[in-house]
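Please find below my notes on the model under discussion. They are set out as numbered points, each of which can be checked against the coordinates.

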Amino acid sequence: MNNTVVIGVFLVLFAIFIALGFWASRFRKGDLSEIGEWALAGRRLGAYLAWFLVGADLYTAYTFIAIPESIFLHGAIYYFAVPYVGIAFAVAIITMPRLWKISKDKDYVTAVDMVHDKFNSQTLAILIAITGIIAELPYIALQIYGMQAVLTVMIGQATSYDATLITELSLVLAFIILAAFTFTSGLRGATITALMKDGIIIVTVVVAIIAIPIYIGGFGNAMTAFAAGIIHPVHAPVTGTGDLSPLLFNGFISLSIMSALALYLYPHAINGVYSVDSTKKLRLSTAMLPIYGVGLALLALLGILAYSSPSAMALISKYGAVTVVPSLLYAEFPDWFVGIAFLGIFIGGLVPASIMAISQANLMVRNVIKPFRPKMDGKTEARMAKWFSVIFKFIALGFIFLIPATFALGLQLVGGIIVLQTLPSIYLAMYTKRLEKWSVGIGWAIGLVLGTYMLYAANFVQHTYASISTVLFDFTAPSWVTFLYIGFVALLANVVISVVGSLIVNAVRGQSKTVKA
C-alpha cells in the first residue's frame, strides 16, 4: 500500500469538498443575513436535493463506523439499526408533511416555535429547545469519532510515530474549515457537499459489498469466522452472534421502535424537512429514503466480513474496533480507492455535524435567547445563530478528549433517550389541542429523571453485560420482560403522565366552567 497515494487522493478530494462548501453560498442566491435563508436554504430545496440533504442527516458515522463496530464486537443485537431505519421512514411519511404544513403556514423556523404556540408557554418551549440542543451533542460527537477512526488508520499507517497528536490536530483543523463554510454558506453548504459525500459513500458501499466477499471466499466463510472469533465470546450467548439470543428480543424490538420515533425528533432532521419547498416534494424525498436503509444493512455486514480478513484484523488489533470499516477497506483495496473511501467516511462525519450545529444554533437563538430579546430582528438572529453553530461544533469536539471512542454508539443512544422526551410536545401536539402544558412539562421532567436514573443503574449498579448495559435496563426478574431500551421506559412514563394529567386537568376545568355557569 502506497500511503502517499492514499493521503494525496484524500487531500485533493478534501480540497474540492472545501471549495464546494464555500461556493454553495452562491447556490440559489438568497440573503444569507436572514435566518430563514441561512438555516433553511430559503425553504427552496426540491425533492432530490432534499433526499441528499436528509440522507446526509441520516447516513452518518452512526452508519459506517458505530454499527459495524458494534456488530463486530457484540453481534446480532446491534442489527436493530436495520429495522429501525425502515420504521423511521414510515414515521416520517406520516408525521413530517403535517409538521411542514403547520410550520409553513405559521412561518416557524424550528419545531419548538410550534410548541410555544400550541401550549402558549414560553417556559415549556425553552425546556424543549434545551433538550434538543443537549440531545444533538452526543450525535455530533459520534461524527467526530468516525472522522477520527479514518485519520487513525490513514495517519497511523503513514508514520512509525504516535499519530495521536497529528490526528487530533487534523480534526481541529477540519472543524475550523467546517465552521468557516457553515458560517458563510449555511444549509446550502451542507446540501451541496452532501451531494459529494453521498455519491462517494454509495460507490464505496456497492464496491465493498461486492468485492470483499469475493476476496475472502464468500459470506459463509465470514459468518464462520465471525462465530468463532467474536472479540467478546463471553457475551455471545447473551447478545447472539449470527442469531439473536431470545433474552434480547424485547431489547432489540424496543431499540428499533424507539430509535425510529426519536430520529425525526432530532432538530437536525426537522431542519432538513423545513428546507423543502412543498409537501409533495417532501413526500417524494422521504419515499426514496429507504435506499439509504439498504446501504445501512450492507454496511453493517462489514462488521462480520472483517473477521475473514487477516490483514484487517491486524489493523483492528492495532488501532481498535472503532476502525473496523477503515481497516477493512485499507486491507482489501488499492491505495487510490482507499483514499476516495476514506474521504467519503471523513466528510460523512463533517456534513451531518454541520447540519446538526445549524439546528442547535436555530434553537438557541430562536427559542432560548429571543424570548428575552423579543425585538431581535432577522439579521441579528442569523448573525447570532452563525456564531452559536461554531460554538456547538467545538463543544462536541471536546467529547473526543473526554470519552473513549468505544462508547460512540452508546452516546448516540443516550441522545435518543433524551430527545424522545420531546415526543408528546411535538408529535402528539400536532394531532390534538387537548394536551395541557403543565402535564406535558411534568411528563417531560419525569421522563428525563427516570431515564437518567436508569442509565446510572444500568451502567454502575447492574453491570449485567458490559456490551449492552449502556442503554438497556435489566428487567430479567420478571423473565418475560428481560432487557428493554431505557428510552422506551422513560417515554412510556412521560406519555402516561402527559395524557392522563391532561385528561384530569381538562375534566376539572370542564366541571369548574359548569359550576360557574
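1. Ser 327 is buried in this predicted model. Its relative accessible area is 0%, and the cut-off for a buried residue is under 20%, so the assignment follows directly. The residue belongs to helix α18, which covers residues 324–332. Leaving aside residues up to four places away in sequence, Ser 327 is in contact with Val 153, Ala 312, Leu 315 and Ile 316.

2. A second serine, Ser 121, is found in the loop that joins α6 (111–119) to α7 (122–158). With a relative accessible area of 10%, Ser 121 also falls under the 20% limit and is therefore buried. A polar atom of the Ser 121 side chain lies 3.1 Å from the backbone nitrogen of Leu 124. When residues up to four places away in sequence are not counted, Ser 121 touches His 116 and Lys 437.

3. Lys 280 should be read against these two serines. Lys 280 is part of helix α14, residues 279–288. Its relative accessibility is 68%, and because the threshold for exposed residues is over 50%, Lys 280 counts as exposed. The C-alpha atom of Lys 280 is separated by 8.3 Å from that of Pro 97, although the two residues are 183 residues apart along the chain.

4. How do the axes of helix α4 and helix α15 cross? Helix α4 spans residues 61–74 and helix α15 spans residues 290–300; their axes come within 8 Å and cross at roughly 45°. This angle lies neither under 35 degrees nor in the range 65 to 115, and the two helices are therefore oblique to each other. The crossing of α4 past α15 is right-handed.

5. The residues that form this contact can be listed for both helices. On the α4 side they are Thr 63, Phe 64, Ile 67, Pro 68 and Ile 71, which meet Leu 296, Leu 299 and Ala 300 of α15. By class, the contact of α4 with α15 comprises 7 nonpolar residues, 1 polar residue and no charged residue.

6. Helix α22, made up of residues 423–431, is mostly covered, with 7 of its 9 residues buried. The buried positions in α22 are Leu 423, Pro 424, Ser 425, Ile 426, Tyr 427, Ala 429 and Met 430.

Terms used: Residues numbered from 1 in each chain as written. Predicted model: local features only at pLDDT ≥ 70, side-chain atom pairs only at ≥ 80, totals over all residues. Heavy atoms only, no water. Axes fitted to C-alpha atoms, helices over the stretch in contact; angles between N-to-C directions. Helix = DSSP H or I, 4+ residues; strand = E, 2+ residues; numbered from the N terminus. Parallel < 35°, antiparallel > 145°, perpendicular 65-115°, else oblique. Left-handed = near helix turned anticlockwise from the far one by under 90°. Contact = heavy atoms within 4.5 Å. Nonpolar A, V, L, I, M, F, W, Y, C, P; charged D, E, K, R; others polar. Buried < 20%, exposed > 50% of the residue type's maximum accessible area, 1.4 Å probe, protein only. Polar contact = N/O pair within 3.5 Å; in protein donor to acceptor, adjacent residues only side chain to side chain.
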